[in-house]
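Biologist: I want to learn how to read a model like this one, feature by feature. Can you take me through helix packing, salt bridges, burial and backbone angles?

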Amino acid sequence: MNTWSALAEPNRLHIVELLGSGPLSVGEIADRLGLRQPQVSKHLRVLADAGIVEMRAVANRRMYSLRLEPFQALDAWLKTFRHVTNRRLDHLERYLRVLQGMDATREDE
């Protein structure tokens, strides 16, 4: 499963958002999201298989944290589209200025 597919499910996206603040155990994630631990474990397994989270054992708990690499890859991919978005916003800005100029001309009449 790729990063996009893994993040498309709302509960998994919420888990990723929670882990953005730092590592959490399955129980902590379950409590914060109001889900049962088996559900959270399944979602974490999908996220781990997609390379989004990693687990490390601390005493008798499994702590999950985000991996940086998938998000760096997403950011690099999104950068390829930023120039298109910026260009469209520039066109919109020019168009809005033209419209504002038309309104100012009408007010003078």
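Modeller: We will go through these topics in turn. Keep in mind that this is a predicted model.

Biologist: Start with packing. What describes two packed helices?

Modeller: Two packed helices are described by the angle between their axes and the distance between the axes. Take helix 3 (residues 26-33) and helix 4 (residues 37-49). Their axes come within 9 Å and cross at roughly 110 degrees. That makes helix 3 roughly perpendicular to helix 4, because angles from 65 to 115 degrees count as such.

Biologist: Is the crossing of helix 3 and helix 4 left-handed or right-handed?

Modeller: Right-handed, as helix 3 passes helix 4.

Biologist: Which residues make the contact between helix 3 and helix 4?

Modeller: Helix 3 supplies Val26, Gly27, Ile29 and Ala30. Helix 4 supplies Gln37, Val40, Ser41 and Leu44. By class, the residues of this contact are 5 nonpolar, 3 polar and no charged.

Biologist: At what angle do helix 2 and helix 4 pack?

Modeller: At about 80 degrees, with the axes of helix 2 (residues 10-19) and helix 4 10 Å apart. Helix 2 is therefore roughly perpendicular to helix 4. From helix 2 come Asn11, Arg12, Ile15 and Val16. From helix 4 come Val40, His43, Leu44, Val46 and Leu47. This contact of helix 2 with helix 4 divides into 6 nonpolar, 2 polar and 1 charged. Look at Val40 and Leu44 of helix 4: they appear in the contact with helix 3, and they appear in the contact with helix 2.

Biologist: How do I place other residues of helix 4 against helix 2?

Modeller: Use C-alpha separations. Lys42 lies in helix 4. The C-alpha atoms of Lys42 and Asn11 are 11 Å apart, with their positions 31 residues apart along the chain. Lys42 is exposed, at a relative accessible area of 55%. Pro38 also has its place in helix 4. Pro38 and Val16 are 22 residues apart in sequence and 17 Å apart in space, C-alpha to C-alpha. Pro38 is partly exposed, at 48%.

Biologist: Now charges. How many salt bridges are there?

Modeller: The test is a side-chain nitrogen of Lys or Arg within 4 Å of a carboxyl oxygen of Asp or Glu. By this rule the count comes to 5 salt bridges.

Biologist: What is the N to O distance for Glu93 and Arg97?

Modeller: It is 2.7 Å. Both residues lie in helix 5, 4 residues apart, about one turn of the helix. Glu93 is partly exposed, at 38% relative accessibility. Arg97 is exposed, with a relative accessible area of 54%.

Biologist: How far apart in helix 5 are Lys79 and Asp75?

Modeller: They are 4 residues apart in helix 5 (residues 68-108), so about one helical turn separates them. Their side chains meet in a salt bridge at 3.7 Å, N to O. Asp75 is partly exposed, at 31%.

Biologist: Which residues are linked with Asp75 in a network of salt bridges?

Modeller: Lys79 and Arg82. Read these three together as a network, then turn to the bridge of Glu69 with Arg67. The side chains of Glu69 and Arg67 meet at 3.2 Å, N to O. Glu69 counts as partly exposed at 44% relative accessibility. Arg67 is partly exposed too, with 27%.

Biologist: Next, burial. Is Ser25 buried or exposed?

Modeller: Buried means under 20% relative accessible area. Ser25 has 9%, so Ser25 is buried. Ser25 is found in strand 1 (residues 24-25). Leaving out residues up to four places away in sequence, Ser25 touches Arg61, Arg62 and Met63.

Biologist: Last, backbone angles. What sign of phi should I expect?

Modeller: Most residues other than glycine have a negative phi. Ala59 has a positive value, with phi near 55 degrees.

Biologist: Where is Ala59 found?

Modeller: In the loop between strand 2 (53-58) and strand 3 (61-66). Ala59 counts as exposed, at 79% relative accessibility.

Note on methods: Residues are numbered from 1 along each chain as its sequence is written. This is a predicted model: local features need pLDDT of at least 70, side-chain atom pairs count only at pLDDT 80 or more; totals for chains, interfaces and linings use all residues. Side-chain values use heavy atoms; hydrogens and water are left out. Axes are lines fitted to C-alpha atoms, for helices over the stretch in contact, and angles run from 0 to 180 degrees between N-to-C directions. Helices (H or I, at least four residues) and strands (E, at least two) are DSSP runs, numbered from the N terminus. Angles under 35 degrees count as roughly parallel, over 145 as roughly antiparallel, 65 to 115 as roughly perpendicular and the rest as oblique. A crossing is left-handed if the near helix is turned anticlockwise from the far one by less than a right angle, and right-handed if clockwise. Contact means heavy atoms within 4.5 Å. Ala, Val, Leu, Ile, Met, Phe, Trp, Tyr, Cys and Pro count as nonpolar, Asp, Glu, Lys and Arg as charged, and the others, Gly among them, as polar. Buried means under 20% relative accessible area, exposed over 50%, partly exposed in between (1.4 Å probe, protein chains only).
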